[in-house]
Amino acid sequence: MLAGMVGARTVYVTTYWSEFAHQPFPEIFMIQHGGLVYYGSLIGAALAFIIYVRWKKLSGWKIADILAPSIALGNAFGRIGCLLNGCCYGRVCHLPWAIRFPNQSAAWQQHFQAGLVGSGDPSLPVHPTEIYDALLNFALYLGLAWLFRRKKFDGQVFATYLMCYAVFRSLVELFRGDYPPDHIHNGLTSAQLISIPIFVAGLFIAVMLSHRGIKRR
């Protein structure tokens with residue numbers, strides 16, 4: 001958990017360094033002010049996990065498969081927290097399921113600064129990207145739990161998680177509206193850019209471990 005929090009904060013501070021450059025200390029440690037990136041927590045926790053299983057001489061891929069469904073489920077609940085906090089909101093839309101955030105929320109501040117809403121208005125209707133992400137993660141949890149009892153080799157469930165989450169996250173990012181313009185690189189958000197090596201890593205793990213399983217037979 002500690003490594004996950006450190007990783008989440010590190011990636012956020014690195015990505016949004018302009019917010020901290022004028023006064024990096026002690027603000028970079030003030031996580032109570034918000035600012036955690038899920039991919040950072042995944043990377044940080046994974047590194048700590050590798051160190052731990054090597055230290056204890058455990059079966060890393062087997063344990064990773066056990067944890068993978070719960071990671072997806074935990075992220076589903078985490079996105080509900082994002083919804084309640086008003087962060088990670090979506091682009092303006094007028095679909096029947098669009099939601100409005102209250103006055104003074106992050107979405108309202110963005111819309112107010114752009115002159116789209118008044119000082120006493122709520123935000124404009126936006127895509128409920130937090131709900132999109134939560135539903136996809138919950139579906140991923142169910143799929144991984146199903147796969148766990150049918151897997152062909154250790155590591156298959158975790159590799160599947162990496163690949164599926166990278167795709168799901170990239171899809172949800174298409175509807176996000178909270179990124180400043182300078183955080184979009186060649187039309188891709190930072191999360192979409194990170195999703196590429198995450199997907200490749202999952203694919204590599206799946207291919208490598210499946211071939212290893214065939215050789216053992």
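Helices in this account are DSSP runs of H or I that span at least four residues, numbered from the N terminus. With that in hand, the predicted model can be read from one end of helix α6 to the other, and E173 and R169 make a convenient starting pair. These two residues are four apart in helix α6, so about one helical turn separates them. They form a salt bridge in which the closest N and O atoms are 2.9 Å apart. Both partners are buried: E173 has a relative accessible area of 4%, and R169 is likewise at 4% relative accessibility. The pair also belongs to a wider arrangement, a network of salt bridges that links R169, E173, R176 and D178.

Helix α6 covers residues 156–173, and Q156 is found in it. The relative accessibility of Q156 is 18%, and this residue counts as buried because the cut-off for that class is under 20%. Its side chain reaches back to the backbone nitrogen of K152, at 2.6 Å. When neighbours within four places in sequence are left aside, Q156 is in contact with D65, L147 and K151.

Two of those contact partners, D65 and K151, are themselves joined. Their side chains meet in a salt bridge with an N to O distance of 2.8 Å. K151 sits in the loop between α5 (129–148) and α6, whereas D65 belongs to helix α3 (residues 60–85), so this bridge ties together parts of the chain that are 86 residues apart in sequence. The two ends of the bridge fall into separate accessibility classes: K151, at 21% relative accessibility, counts as partly exposed, while D65 is buried, with a relative accessible area of 0%.

Helix α3 takes part in a further pairing, this time with helix α5. R79 forms a salt bridge with D133, and the closest N and O atoms of the two are 3.2 Å apart. Since R79 lies in helix α3 and D133 in helix α5, the pair ties together parts that are 54 residues apart in sequence. Here both residues are buried, R79 with a relative accessible area of 6% and D133 with one of 2%.

In total, the structure holds six salt bridges. Among them are the bridge between K151 and D65, the one between R79 and D133, and the one between E173 and R169.

Notes:
Residues are numbered from 1 along each chain as its sequence is written. This is a predicted model: local features need pLDDT of at least 70, side-chain atom pairs count only at pLDDT 80 or more; totals for chains, interfaces and linings use all residues. Side-chain values use heavy atoms; hydrogens and water are left out. Buried means under 20% relative accessible area, exposed over 50%, partly exposed in between (1.4 Å probe, protein chains only). A polar contact is a pair of N or O atoms within 3.5 Å; within protein, one must be able to donate a hydrogen and the other to accept it, and residues adjacent in sequence count only if both atoms are side-chain atoms. Contact means heavy atoms within 4.5 Å. A salt bridge is a side-chain nitrogen of Lys or Arg within 4 Å of a carboxyl oxygen of Asp or Glu.
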